[in-house]
Amino acid sequence: MIIDRPMLKARSKEILRASYLKSVAVSLVLFITLYGAAGSSATNSGASPDAVQTGSYVAAIPMSFAALLIGFAGILMIIILIIRVFVLNVLEIGCRRFFIETSYGDTGIGVIVKPFSRAFLNQAFVMFMRDLFTCLWTMLFVIPGFIKMYSYRLVPYILAENPEMNMSEAIGLSRYMMDGYKWQTFIFDLSFIGWMILSGITFGLVGVFYSNPYYNHASAQLYLYIKEQRSTM
């Protein structure tokens, strides 16, 4: 079954107009949950005088202090991982639930914290395993990892509606639902590239105030569309 992109996008725009401010707020939270714990670092590979001088300073640092820094970095990484697993991943499920529920009518922002009150540990575990499987596949081969990312795409939506579903059921259901839809979903995502470029040109303003909420609603509509198609097979 071919995904009707114009229909899904038109429906998404209608929902966005009806819940604009809430959608903007939840989309901002979702952006933070997806990218908030991601760190970045820049390195200079050139042997500039400053780099050589810095290297001499590093060499002069006592080994005990260096070990302390390494230990601190390790603890920080563990804290970030805990926040990712037990807070951000679960909050993502709540945000996905908001975009699903707005398809049926007015929904309060408070729905994004509901996953913390029901089967919390199960949802955190399933999302962690989804990330782990995706990471392992990507480490082995980039393209299979990319494919698996699309295979597991619907896991947070499935958990939003079925918080007590275990790992094998949630991941298995996502793989089943995405079978035959992965390429179409990739094309669906590509159809938003113009909005991504415009968001970049405007330093993220278009993304915050329109394209991100629009895309999040469209992604929820895509999930509901695939769900309906699978239920009729």
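Okay, a helix here means a DSSP run of type H or I with at least four residues, and the helices are numbered from the N terminus. With that in hand, take serine 23: that residue is found in helix H2. We'll come back to serine 23 in a minute.

One thing up front: what you're looking at is a predicted model. So how sure is the predictor? The average pLDDT of the protein is 88, and 88% of the residues score at least 70. If you go element by element, helix H7 has the highest mean, at 98, while helix H3, residues 49–60, has the lowest, at 42. Over residues 39–61 the pLDDT stays under 50, and for that stretch the model has three contacts beyond four places in sequence. So please don't read much into that bit.

Now the overall layout. How many helices and how many strands does the protein have? Eleven helices, zero strands. Walk along the sequence and you just get alpha after alpha: α-α-α-α-α-α-α-α-α-α-α. There are 233 residues, and 36% of them count as buried. And look at who touches whom: among contacts with a separation of 6 or more, 77% are between residues 24 or more positions apart.

Right, the inside. As a general point, in soluble globular proteins nonpolar side chains tend to be buried together. In this model, the largest nonpolar core has 38 residues, and the ones touching the most other members are Ile112, Leu154, Val155, Ile158, Leu159, Tyr223 and Ile226. Several helices give two or more residues to this core, including H1 (5–18), H4 (63–101), H7 (155–161) and H11. Which element gives the largest share? That's H11, with eight residues.

Let's zoom in on leucine 159 from that list. Skip its neighbours within four places in sequence, and leucine 159 is in contact with Ile93, Gln123, Val126, Met127, Met165 and Ala170.

Methionine 167 is another one to find on your screen. This methionine lies in helix H8. Buried or partly exposed: which is methionine 167? Its relative accessible area is 22%, and buried means under 20%, so methionine 167 counts as partly exposed. Not counting residues up to four places away, methionine 167 touches Phe125, Val126, Met129, Phe133 and Gly172. Also, measure from methionine 167 to glutamine 123 along the chain and you get 44 residues, but C-alpha to C-alpha in space they are 8.5 Å apart.

Back to serine 23, as promised. Serine 23 has a relative accessible area of 0%, so this serine is buried. What does its side chain do in there? The side chain of serine 23 makes a polar contact with the side chain of histidine 217, at 2.7 Å. Beyond its sequence neighbours within four places, serine 23 is in contact with Leu16, Phe98, Phe99, Pro213 and His217.

Then there's asparagine 216, over in helix H11. Asparagine 216 comes out at 7% relative accessible area, so asparagine 216 is buried as well. Leaving out neighbours within four places, its contacts are Ser27, Leu30, Arg96 and Phe99.

Last topic: rings. The count comes to 15 aromatic pairs. Take phenylalanine 188 and phenylalanine 192: their ring centres are 5.4 Å apart and their planes sit at 65°, so that pair is edge-to-face. Both of these phenylalanines are buried. Tryptophan 195 and tyrosine 214 are another edge-to-face pair, 6.2 Å centre to centre with 85° between the planes. That pair links distant parts of the chain, with tryptophan 195 in helix H10 (residues 193–201) and tyrosine 214 in helix H11 (residues 205–231), 19 residues apart. At 3% relative accessibility tyrosine 214 counts as buried, whereas tryptophan 195, at 31%, counts as partly exposed. Put the ring pairs together and you get a cluster of Phe188, Phe192, Trp195, Tyr210, Tyr214 and Tyr215.

And a couple of charges join in with rings. Lysine 9 lies over the face of phenylalanine 192, at 4.6 Å from the ring centre. Elsewhere, arginine 230 has its charged end over the ring of tyrosine 176, 5.0 Å from the centre. That's my tour, thanks for listening!

Conventions
Residues are numbered from 1 along each chain as its sequence is written. This is a predicted model: local features need pLDDT of at least 70, side-chain atom pairs count only at pLDDT 80 or more; totals for chains, interfaces and linings use all residues. Side-chain values use heavy atoms; hydrogens and water are left out. Rings of Phe, Tyr and Trp (its six-membered ring) pair if their centres lie within 6.5 Å; planes under 30 degrees apart count as stacked, over 60 as edge-to-face and the rest as tilted. Buried means under 20% relative accessible area, exposed over 50%, partly exposed in between (1.4 Å probe, protein chains only). A charge sits over a ring if NZ of Lys or CZ of Arg is within 6 Å of the ring centre and within 35 degrees of the ring normal. A nonpolar core is a set of buried Ala, Val, Leu, Ile, Met, Phe, Trp, Tyr and Cys residues joined through side-chain atoms within 4.5 Å. Contact means heavy atoms within 4.5 Å. A polar contact is a pair of N or O atoms within 3.5 Å; within protein, one must be able to donate a hydrogen and the other to accept it, and residues adjacent in sequence count only if both atoms are side-chain atoms. pLDDT is the predictor's confidence in each residue, from 0 to 100.
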